[in-house]
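This report is written for someone meeting the structure for the first time. It begins with one residue in a loop, widens to the whole chain, and then turns to particular contacts.

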Amino acid sequence: MQRAPCIAGRATTCWKAHLEGRPDMPLVIKDSWQYPERDEEGELLCEATTNNVVNVARYYHHETVQIHGADDDIRSNVRGGLDVTRASNYRPEHPMPPSSSTAGAPRKGRRISAAGTKRSSSHTGAPLPPSKRSCSTSLTKAGSQALLNRIHRRVIVRDYGKSIYKASSRSALLEGLEGCIQGHESLYKAGFLHRDISINNLMINEDGDNPSWPSFLIDLDLSIKEQREGSSGAKGKTGTRAFMAIGVLLGEQHSFMHDLESFFWVLFWICIHYNTPNESRVVPKFDKWNYVDMEELAISKTGVVANEGDFLKIAEVNFTPYYCPFIPWVNSLRRIVFPNGVRW
């Protein structure tokens, strides 16, 4: 289905599958490399499904992939115990802030043996020595800061669809957006904050033979358990840059309203970039939102939504012909998300 080629980051790879003899029951298998300090996505999905959350990909299974009985991780298995801090061009990594108040707690995810997975000849057929076991709390020899590690995790969910911008019609897009917002609300009421509302995390299902939700959220990689009293404990800026709320870009603690603002930016982005579901275009002045400085992006987004007249002119000039009929409705949504041109 999808692979994210990279030498740094989560390297997420997804496959579409089904149970043997059950092609009518689609599954999505997702492998990624996660920080051990973060809440496990599989555990969050399991709890959300148990709590009957609607319009969020439903849990089927999760595990930490193992090689020869040890967790498959970067520090011990991929690097094979190599002390990268001794390299002449080594640059210390910035410590990653915990994603929630439960960061660092022991994980309870299931394990899977992957001894058959192809590895280098030095690993094949030989058990890993004790020095190559996962050791997420060990410190580097150079200084006392912990060297960041990532663990190979696998999540399987029971819902399969396509990204929302591929909706077959404008009405299907709006219906899908409504369903995803309902899913976000259901997730929040169950005690979770998604924190990564983006164009590829909103899914729709228009196949009548597919038992998946008609529309649903995926990817709880950055989600946290929301603390009902006081702050969530979630520090730092999380999300997909182009869709991040203005307040988050400026360093505010992530909240429910920030996620709702991200839904607005997803719709705005689609209206600018897609002229029918199968025809997209490049818009440089907005595409740079993917890489500009966060403070600069916050200023740019504020300029788009602060004044109604300015917003209408920007929409008239930049919305594709296919989505121009949406202008008054997107403006109505802008008034709700940014009352009097001011963010929540």
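In this predicted model, Ala11 has a relative accessibility of 23% and therefore counts as partly exposed, since that class begins where the buried class, under 20%, ends. Ala11 is located in the loop that runs between β1 and β2, and its phi is positive, at about 50°, although Ala11 is not a glycine. Most residues other than glycine have a negative phi. Arg195 is another non-glycine residue with a positive phi, here about 70°. Arg195 belongs to the loop between β9 (192–193) and β10, and with a relative accessible area of 1% Arg195 is buried.

**The chain as a whole**

The protein contains 9 helices and 12 strands, and of its 344 residues 48% are buried. When contacts between residues at least 6 apart in sequence are considered, 74% of them join residues that are at least 24 apart. The area that the protein exposes comes to about 17300 Å², and carbon and sulfur atoms supply 54% of that area.

**Salt bridges between distant parts of the chain**

The count of salt bridges comes to 16, and three of these pairs are set out below with the separation of their closest N and O atoms.

| Pair | N to O distance | Residues apart in sequence |
|---|---|---|
| Arg10 and Asp221 | 2.8 Å | 211 residues |
| Lys225 and Glu47 | 3.0 Å | 178 residues |
| Glu206 and Lys162 | 3.0 Å | 44 residues |

What does the salt bridge between Arg10 and Asp221 link? The salt bridge of Arg10 with Asp221 links distant parts of the chain, with Arg10 in the loop between β1 (2–3) and β2 (13–19) and Asp221 in the loop between β11 (215–217) and β12 (224–225). Arg10 is partly exposed, at a relative accessible area of 28%, whereas Asp221 is buried, at 3%. These two residues also belong to a network of salt bridges that links Arg10, Lys30, Glu41, Asp219 and Asp221.

In the salt bridge that Lys225 forms with Glu47, a strand is linked to a helix, for Lys225 lies in β12 and Glu47 in helix α1 (residues 41–50). Lys225 is partly exposed, with a relative accessibility of 34%, and Glu47 is likewise partly exposed, with a relative accessible area of 31%.

The side chains of Glu206 and Lys162 also meet in a salt bridge, in which Glu206 comes from the loop between β10 (202–204) and β11 while Lys162 comes from strand β8 (residues 162–163). Glu206 is partly exposed, at a relative accessible area of 40%, and Lys162 is partly exposed as well, at 29%.

**Two helices that pack together**

Helix α5 (residues 256–273) packs with helix α8 (residues 308–318) at an angle of about 40°, and their axes are 9 Å apart. Because an angle of about 40° falls outside the range under 35 degrees that counts as roughly parallel, and below the 65 degrees at which roughly perpendicular begins, α5 is oblique to α8. On the side of α5 the contact is made by Phe264, Phe268, Cys271 and Ile272, and on the side of α8 by Phe311, Ile314 and Asn318. The residues of this contact divide into 6 nonpolar and 1 polar, with no charged residue among them.

**Surroundings of helix α3 and strand β11**

Tyr188 is found in helix α3 (residues 170–189) and, at 22% relative accessibility, counts as partly exposed. The C-alpha atom of Tyr188 is separated by 8.8 Å from that of Lys225, although these residues are 37 residues apart along the chain. Lys225 is the residue that also forms the salt bridge with Glu47 described above.

Is Ser215, in strand β11, buried or exposed? Ser215 is buried, because its relative accessible area is 5%, which lies under the 20% limit for that class. Ser215 and Glu178 are also 37 residues apart along the chain, and their C-alpha atoms are separated by 8.4 Å. When residues up to four places away in sequence are not counted, Ser215 touches Asn55, Glu175, Gly176, Gly179, Cys180, Met203 and Ile204.

How values were computed: Residues numbered from 1 in each chain as written. Predicted model: local features only at pLDDT ≥ 70, side-chain atom pairs only at ≥ 80, totals over all residues. Heavy atoms only, no water. Helix = DSSP H or I, 4+ residues; strand = E, 2+ residues; numbered from the N terminus. Buried < 20%, exposed > 50% of the residue type's maximum accessible area, 1.4 Å probe, protein only. Contact = heavy atoms within 4.5 Å. Areas by Shrake-Rupley, 256 points an atom, 1.4 Å probe, with all protein chains shown as cover. Salt bridge = Lys/Arg side-chain N within 4 Å of Asp/Glu carboxyl O. Axes fitted to C-alpha atoms, helices over the stretch in contact; angles between N-to-C directions. Parallel < 35°, antiparallel > 145°, perpendicular 65-115°, else oblique. Nonpolar A, V, L, I, M, F, W, Y, C, P; charged D, E, K, R; others polar.
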